[in-house]
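Colleague: I should like to understand the terms applied to this model. May we go through them in turn?

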There are 2 protein chains.
Amino acid sequence: MMAKRASSRKPEDTALPMRDFPLNRAFTFFEPGPVLLVVTSINGRHNVMTASWTTLLGFTPIIGISLGPWNHSYNTLFETGECVLSIPTVDMMEAVVDIGNCSGGDIDKFKYFHLTPLQGQKVATPLVAESLANVECIVREKPGNNGLHLFILEGVKAWHNPDREEKRTFHAKGDGTFIIDGETVNLRHKMTKWEDCI
Amino acid sequence: MMAKRASSRKPEDTALPMRDFPLNRAFTFFEPGPVLLVVTSINGRHNVMTASWTTLLGFTPIIGISLGPWNHSYNTLFETGECVLSIPTVDMMEAVVDIGNCSGGDIDKFKYFHLTPLQGQKVATPLVAESLANVECIVREKPGNNGLHLFILEGVKAWHNPDREEKRTFHAKGDGTFIIDGETVNLRHKMTKWEDCI
């Protein structure tokens, strides 16, 4: 008999604090270019992959993300038109790299990596309770015929965990090494052209 | 009488070491999501802007970059079909932020910010001698009609400065704060799916 897939837990069912975050500030999760988790879900089966080819394309936020069609998640994203972009921190780094080196076609990654799916508000795809932040997204444009596999996503609901002590994200160098966030420098006084954003 | 614009210096004319870098490894400059300088040139007039909405789209490398049509560089990039993506380091951070807060329509940014244009090999647009690395790029796709202002660039020649002591790049948070690269962690042993890339 097949094991029944765990369904998502509602945020209020758990002690894990994933709280509302202003959608119009969610671009700040993506602009620094951290490694992301991409959560997809189809037929009640959740999956998660690791991605680093992403960019902000609009403040609302609009996010571009390039996933290969060889990724299990690619087809789910293409079919369901929704996903959750989840921001992991450095304490999750080894798991995040391992998540990127196995396929949801072979294992239940939520179960294997002890991730807790939390029910979101706008999409059926769950949030990752363990992450620093989660943004529910819908697909605005599917990949075209230019061979680039670029999805254009629109964030429709943002969440974060304000109680998390570890807030440092990390960046893929692309060669198997990863750069951890170092010091943050405040240069707001210099952002004369961008006062609306800061 | 208008001042004559400085032309580019050839790499061999200067003590500043900007050397060949393997083009098929140049994706490692972009994947971590650092703040970039975008150099453009038209009618012998060089300009430079700051950009952080970029993503890798292919290993060769292909880079997606979103520039607003309100940027002076947008029109030059659109018209000339070429640019140089230049990777600044943390010692250039304040200048890079200031470069992002003024317009090439008003000032000669190379002159004002004491940047040295170096002649590249494949495009007429100069490299920035002071940067960690430079990649000469041609425009593969101009922005479509989806309001996203996304250029698809292809890197055609890469350069780096191997003698530079400061190698830390930095990342825009989007709110006027910037994250400096911290520790680099080697997880190559975990990259079983990506052995060709590491």
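Modeller: The following exchange sets each term against its definition.
This is a predicted model, in which local features need pLDDT of at least 70 and side-chain atom pairs count only at pLDDT 80 or more, while totals for chains, interfaces and linings use all residues. Residues are numbered from 1 along each chain as its sequence is written, chains are lettered from A in the order in which they are written, and side-chain values use heavy atoms, with hydrogens and water left out.

Colleague: What makes the two copies related as by a two-fold rotation axis?
Modeller: Copies are superposed by least squares on C-alpha atoms of residues with pLDDT of at least 70 in both. A rotation of 180° with 0.0 Å of shift along its axis places chain A on chain B, with RMSD 0.0 Å; the copies are thus related as by a two-fold rotation axis. In chain A, the C-alpha nearest the axis belongs to A:Gly182, 1.9 Å from it.

Colleague: Why are E12(A) and E12(B) said to pair?
Modeller: Strands are DSSP runs (E, at least two residues), numbered from the N terminus, and two strands pair if DSSP finds at least two bridges between them. E12 of chain A (residues 177–186) and E12(B) have seven bridges, in the antiparallel sense, and therefore meet the definition. A:Val185 stands opposite B:Phe178.

Colleague: What stands opposite B:Phe178 from within chain B?
Modeller: B:Ala172 stands opposite B:Phe178. E11(B) and E12(B) pair in the antiparallel sense over three bridges, and form a hairpin with four residues between them.
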